[in-house]
Amino acid sequence: MPACAVLAQSPAPTAASGTAQGSDERERIGVERKAEELRYSASRAQCYQRFAVEDCLTGESRLHRETLDSLKRREAAVNDAERRQRGEEALRRIQDKQAAPPARDLPQERERNRQAQQDREQRSADHAASRAATAAQAPQRRQQFEDRQRAQAQKAAERAQRRSQDAAERERYDRRQADAEQRRADAQRRDAQRAKPPAAPLPDPSAKP
């Protein structure tokens with residue numbers, strides 16, 4: 001019997017298939033797919049032993065494609081069944097949750113809700129107090145900032161004034177040094193002129209030799 005006929009006899013999974021059934025079916029599909037690949041490879045090898053090689057290869061390719069398409073359809077059916085089952089389970093959980101008694105009717109849950117509400121109110125009050133304290137301290141912080149700015153500006157002005165005074169003092173010192181050097185040079189020149197011997201008088205042209 002051809003492999004495609006054997007595979008076609010395998011029943012497709014229904015929507016009621018469970019997770020275990022879906023896993024088993026997916027495993028069977030995997031085994032059959034490997035078997036088909038082996039069969040196709042062997043059949044192609046046999047085609048080369050025949051007279052009409054191309055016709056044989058074409059027929060085997062068509063059979064191989066049909067077999068794989070059938071396996072894909074079965075695999076898609078398994079996936080669809082599992083998706084439907086997951087959806088039904090999710091819907092059942094929602095219905096069970098809705099049918100259960102409200103948690104707020106339980107004393108323990110009411111106490112937890114009350115405590116949670118108190119915690120939220122306390123956090124809100126703490127945040128409001130923190131914002132109020134921050135707003136109240138804003139003028140003081142602004143004044144402190146302005147004081148620091150003025151102090152820094154004052155220090156910068158004092159440093160600039162000291163640099164200016166130092167430059168003026170250095171200029172006066174250099175000028176005094178130059179004046180003193182000039183005075184020393186003038187005094188040395190005068191002393192040198194005073195210490196120079198007088199020149200000899202010129203001979204009297206009226207005197208006889």
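How are α2 and α3 oriented to each other, roughly parallel or roughly antiparallel? In this predicted model, α2 and α3 are roughly antiparallel to each other, because their packing angle of about 175° falls in the range over 145 degrees that counts as roughly antiparallel. The chain that holds this pair has four helices and zero strands, and the notes below move from the chain as a whole to α2, to the packing of α2 with α3, and then to two residues, Arg44 and Asp80.

**The chain as a whole**

- Read along the sequence, the elements follow the pattern α-α-α-α, in keeping with a count of four helices and zero strands.
- The chain comprises 209 residues, of which 15% count as buried, and its accessible surface comes to about 17,100 Å², with 53% of that surface belonging to carbon and sulfur atoms.
- When contacts between residues at least 6 apart in sequence are taken together, 69% of them join residues at least 24 apart.

**Helix α2**

- Helix α2 covers residues 19-47, which makes 29 residues, and spans 42 Å from its first C-alpha to its last, close to the 42 Å expected at 1.5 Å a residue.
- The buried residues in α2 are Gly22, Glu25, Ile29, Glu32, Glu36, Arg39, Tyr40, Ser43 and Cys47.
- As background to that list, an α-helix has 3.6 residues a turn, so residues three or four places apart point the same way.

**Packing of α2 with α3**

- Helix α3 covers residues 53-99, and where α2 and α3 pack, their axes lie 10 Å apart at an angle of about 175°.
- Sorted by class, the contact of α2 with α3 has ten nonpolar, nine polar and 13 charged residues.

**Arg44, in helix α2**

- Arg44 lies in helix α2 and counts as partly exposed, because its relative accessibility of 27% lies between the 20% and 50% cut-offs for buried and exposed.
- Leaving aside residues up to four places away in sequence, Arg44 touches Leu57 and Ser61.
- Arg44 and Thr58 are 14 residues apart along the chain, and their C-alpha atoms are separated by 9.5 Å.

**Asp80, in helix α3**

- Asp80 lies in helix α3 and is also partly exposed, with a relative accessible area of 30%.
- The C-alpha atoms of Asp80 and Gly22 are separated by 10.0 Å, although these residues are 58 residues apart along the chain; Gly22 is one of the buried residues of α2.

How values were computed: Residues numbered from 1 in each chain as written. Predicted model: local features only at pLDDT ≥ 70, side-chain atom pairs only at ≥ 80, totals over all residues. Heavy atoms only, no water. Expected span 1.5 Å × (residues − 1). Buried < 20%, exposed > 50% of the residue type's maximum accessible area, 1.4 Å probe, protein only. Axes fitted to C-alpha atoms, helices over the stretch in contact; angles between N-to-C directions. Parallel < 35°, antiparallel > 145°, perpendicular 65-115°, else oblique. Nonpolar A, V, L, I, M, F, W, Y, C, P; charged D, E, K, R; others polar. Contact = heavy atoms within 4.5 Å. Areas by Shrake-Rupley, 256 points an atom, 1.4 Å probe, with all protein chains shown as cover.
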